[in-house]
Amino acid sequence: MGAHQRSSARFGSVLSLCGCLALLCGVTVPRVEAGCRERDSPNCCTGRNNDCFEYTRRKTVCYCDTYCQKTGDCCDDYQSVCLISAAIDCAVGSWGPWSPCTSPCGVGSTERSRQVSVPPRNGGTPCPDLKQRRGCFGNNQICSSAKDVAKILPDSFKRNFKDPWRRPHMLVKEEKASYCVYLRVKQASAACKLKLWSAQLVRERLVCAECQSDAMSKSERCGGDGLEGTRTFWSAASAVGCHGSWVRESSSQVCRCPPYSVLFV
């Protein structure tokens, strides 16, 4: 229903009666500031309320209910008095770039986001999703290193072993400085409990693994010495069936692990 139709339907008879009385009685209605401000408390009404009206300067009916915004018959001061402005929809910016895959090797996830440029107000359309997430498969160049399985032995197996049968004229292999790797055990098989040294490889224990010169490859590193923040795997060389996984937390150059640690083979 339009504003004119609703006004006529609600108060046509009232206006006619007031007009007749004014003519018959010869009374002049004083000129006043018309609108929602002139209404008795409350000045404004929510929803549709046919009793929430006032007269304009031309003595026509205007309304101060929320519904008047749809029918277009609000009083002139409705916006300022009722403190309601036009609805403003949410506006967002463009999507940002996708983040790196959460897993450098294997299945992970990546996400992107966008920012709100104009927040919704006065019943405007709410904001759409501000984040998106999807699966990804990490294939970093370090992934090949993550596939290496570390072979370990107790530190009592060999530490600076000197060959008693080496003749004086034989060339001695250049010995490189050892380095230490500290790894947090994440999994260990049940067979590890069968050996005294491997029984210490329990979940969440921090283990020091030493890479000595004899175990180093041409790159002067020990195979399977782990990747920080990535789970890699190990196997106990002298304990059949003892294996598990760990995560490298830190490393130290030119050092020796304390007693009861492990060695890379």
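This report describes the salt bridges of a predicted model and one buried acidic residue that has none.

## Overview

Side chains of opposite charge can pair when their charged atoms come close. The structure holds seven salt bridges. Three pairs, one network and one unpaired residue are taken up below.

## R37 and D77

R37 and D77 form a salt bridge through their side chains, with an N to O distance of 3.5 Å. R37 sits in the loop between α1 (3-25) and β1 (53-55), and D77 in the loop between α2 (68-71) and α3 (78-82), so the bridge ties together parts that are 40 residues apart in sequence.

The two partners differ in exposure. R37 has a relative accessible area of 51% and is exposed, a class that begins over 50%. D77, at 11% relative accessibility, is buried.

## R133 and E111

A salt bridge joins R133 to E111, and their closest N and O atoms are 3.1 Å apart. R133 belongs to strand β6 (residues 131-139) and E111 to strand β4 (residues 105-113); the pair links distant parts of the chain, 22 residues apart.

R133 is exposed, at 62% relative accessibility. E111 is partly exposed, at 27%.

## E204 and K186

E204 pairs with K186 in a salt bridge whose closest N and O atoms are 3.1 Å apart. K186 is in strand β8, while E204 is in the loop between β8 (179-188) and β9 (206-211), so parts that are 18 residues apart in sequence are tied together by this pair. With a relative accessibility of 38%, E204 counts as partly exposed.

## A network of three residues

Salt bridges also link R221, D225 and R248 in a network.

## E54, a buried residue without a salt bridge

E54 is part of strand β1. This residue is buried but has no salt bridge. Which side chain of opposite charge is nearest to E54, and how far away is it? The side chain is that of R39, 5.5 Å away. A salt bridge requires the nitrogen and the carboxyl oxygen to be within 4 Å, so a separation of 5.5 Å does not qualify.

R39 is nevertheless among the residues in contact with E54 once neighbours within four places in sequence are left aside. The others in that set are G35, E38, T60, V61, C62 and C75.

Notes: Residues numbered from 1 in each chain as written. Predicted model: local features only at pLDDT ≥ 70, side-chain atom pairs only at ≥ 80, totals over all residues. Heavy atoms only, no water. Helix = DSSP H or I, 4+ residues; strand = E, 2+ residues; numbered from the N terminus. Buried < 20%, exposed > 50% of the residue type's maximum accessible area, 1.4 Å probe, protein only. Lys, Arg positive; Asp, Glu negative; His and termini not counted. Contact = heavy atoms within 4.5 Å.
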